[in-house]
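Student: I'm new to this one. Could you show me the structure and walk me through it?

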Amino acid sequence: MIAAHRAGIPVFVTGGIGGVHRDGQNSLDISADLTELGRTPIAVVSAGVKSILDIGRTLEFLETQGVCVVTYGTSKSFPAFFTPDSGFPSAYNVQNPSEAAKLIAGTLSLGLQSGVLIAVPVPEEHAAVGQQIEEAIQAALTEGSSEGVAGKDVTPFILQKVNELTGGKSLQANIALIHNNAKVGSQIACALSKQMRERTPNGLINHPENLSAASDVVVIGGINVDFIAKGKTKTLHFGQLNPGSVCQTFGGVGRNIADSLSRLGHQPLLVSATGDDANSDVVLNYCKHMNTSGVARLEKQSTATYCAVITQNGELSLELGDMDIHQQINENYVSQFERQISSATLVCLDGNIPISAINYVCSLAGKHNINVWYEPTNAEKARKPFLSDAWKSLSYSSPNLAELCTMNKTLGLKTPEVLPNTLDEILSVAVDLSRPLLEHLHCLVVTLGPSGVLLCGEQEGGSVNLQPRRLKKKRQLCALHYPVLAVTPEETINVSGAGDSLAGALIAGILRGKDTDSCVRMGLLAAKMSLSSPHPVSPSLTLESVDPNKIRAHEWPKPRFVRVD
């Protein structure tokens, strides 16, 4: 189950599952299969539970774990592996692969962490042999009890006796059950794949009107398949083959931020678009832990791809990308999610989406007092909200220094011709460039690469107030500078997702109401994990892994306070 889930495979077939052993209420001998079903969103197809176990208590335990249990076929009778009826009912039954697939798809779309157990009765042609085996099991149980067999010795004793009493027929029946389960499971998997690929006439896989409005965050932005190439020499020579390593990962600024939030206990709705191609299949499989119900799959389009070439020292040398599909995340498509956007605590936009979509969301923000976070993605795209008054509806933005310059320049404000290179000059310029934007924005998170992060916003108690604001008001401004957490060149594997991981973890901290220092340190820890991972967002990212109170390896320096006049 764990391996299938990590690989993005939603249907898993086995023979029978473990359960609560007889006298389990006293021995607490309960199979880990049951707890795994309660915490891994996988559909498990099996022949039920062997009657050597306590089937009634097994079903009660599964109910406690939040596991949906269904029987495959016309009856609700829960099968006992070799026999079609254990004497206990399932909560539901599904009569064909299509019904089973619809149930699985509905369960997965809710974003729950529990699985589904589909119990398949033994085929009719093996029912008679199954009854003989069941009688042998009951005889073996009686003999074992009279001989005082207990604990871990019960199962091997029963299996040996059953094999003796049936003359080996139990093994043949086992094999037949495996074949039948595999057949049914494959049919269900095919039906599920077909249902997940169903489209509306315009080629979209999703139906926004059917989506829940309960997401606390909506992220609107790009999904990419990334190729990261790292050289093995100090210098890269263009025009010839350079030795190095190449790995495939999954990125896109919007996807990365939604991924970070998903791993940190939130269920953001990702609104994006992919092509109808193999890259889309792979990236959506990888994103099964996320709510991708807002992602459109478009016919005759290619999923966005990105290639980064980095040197042996971890410095970005070259970027290439095919991002044309991001233009399909336009106002027309995004407006289908107006209900979800209007009810969200925070909406995050990345600069890959068209200006029309950015302006549309900003207009909703003005009407519904929504907090909007803008992640510029690069210096050219940083200007998009600032081409009109849309930027005045933004609450947060996370530009680097070059992107911050572009924002000011777009507004017709003076900017330095050459960016500074000493820390004091960098901080001075960043503060000067942030000041005019803070007339409307609540907070700016200026990423400074190896120089750390500068937080600019409302002063509160000697710090910057990061919590979402209800009303715009006059306020005293200040800035806080946090140094970066060091990552050596040897440790640096991927430089494409550090900023997104920082933003995602910082947003998670804000939504949890954490203090400013904790929010920023969560972001810095997530960024460090990203740099050391082949993936833009580290698969090891959890709330515990970015809890600054639990990470004792770092002596957290006090941030540098800068007053903003």
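Tutor: Let's start with a term: a salt bridge is a side-chain nitrogen of Lys or Arg within 4 Å of a carboxyl oxygen of Asp or Glu. Keep in mind as we go that this is a predicted model.

Student: How many salt bridges does a search of the whole structure find?

Tutor: Side chains of opposite charge can pair when their charged atoms come close. Searching the whole structure for such pairs gives a count of eleven.

Student: Okay, take E36. Which residue forms a salt bridge with E36, and is that partner buried or exposed?

Tutor: E36 itself has a relative accessible area of 12%, so E36 is buried. The partner is R39, with the closest N and O atoms 2.8 Å apart. Exposed means over 50% relative accessible area. R39 has 52% relative accessibility, so R39 counts as exposed.

Student: What about R57 and D54, whose side chains meet in a salt bridge: which of them is buried?

Tutor: The N to O distance in this pair is 2.9 Å. Buried means under 20% relative accessible area. R57 has 39% relative accessibility, so R57 counts as partly exposed. The other residue has a relative accessible area of 16%, so the buried one is D54.

Student: D259 and R263 sit in helix α9. How far apart are they along the helix?

Tutor: Their side chains meet in a salt bridge, at 2.7 Å from N to O, and both D259 and R263 are buried. Helix α9 covers residues 253–263, and the two are four residues apart in it, so their separation is about one helical turn.

Student: Which residues are linked with K161 in a network of salt bridges?

Tutor: Here the linkage takes in E143, K161 and E164. Leaving K161 aside, the answer is E143 and E164.

Student: On to the strands. Why is strand β14 described as largely enclosed?

Tutor: β14 spans residues 371–375. N371, W373 and E375 point one way from β14, while V372 and Y374 point the other way, and all are buried. β14 is largely enclosed by the rest of the structure because the number of its residues that are buried is five of five.

Student: Which strands pair with β14 in the parallel sense?

Tutor: Strands of a sheet pair through backbone hydrogen bonds, either parallel or antiparallel. One parallel partner, at residues 346–350, shares five bridges with β14, and V347 stands opposite V372 there. Another, at residues 396–397, shares two bridges, with S397 as the bridge partner of Y374. These strands are β13 and β15.

Student: Which helix makes a β-α-β unit with β13 and β14?

Tutor: The unit is right-handed. Its helix covers residues 355–368, and its name is α13.

Student: There's also an open sheet of five strands. Which are its edge strands?

Tutor: The order is β1-β2-β5-β3-β4, with parallel pairing. An edge strand pairs on one side only, and that picks out β1 (11–13) and β4 (92–94).

Student: Which residue in β4 stands opposite V70?

Tutor: Strand β3 (residues 68–72) runs parallel to β4, and three bridges join them. Opposite V70 in β4 stands Y92.

Student: Last one: at about what angle does helix α8 run to β1?

Tutor: Helix α8 takes in residues 169–196 and lies across β1, β2, β3 and β5. Relative to β1, helix α8 runs at about 175°.

Technical notes:
Residues numbered from 1 in each chain as written. Predicted model: local features only at pLDDT ≥ 70, side-chain atom pairs only at ≥ 80, totals over all residues. Heavy atoms only, no water. Buried < 20%, exposed > 50% of the residue type's maximum accessible area, 1.4 Å probe, protein only. Pairing = 2+ DSSP bridges. Right-handed = clockwise from strand over helix to strand, strands pointing away. Contact = heavy atoms within 4.5 Å. Axes fitted to C-alpha atoms, helices over the stretch in contact; angles between N-to-C directions.
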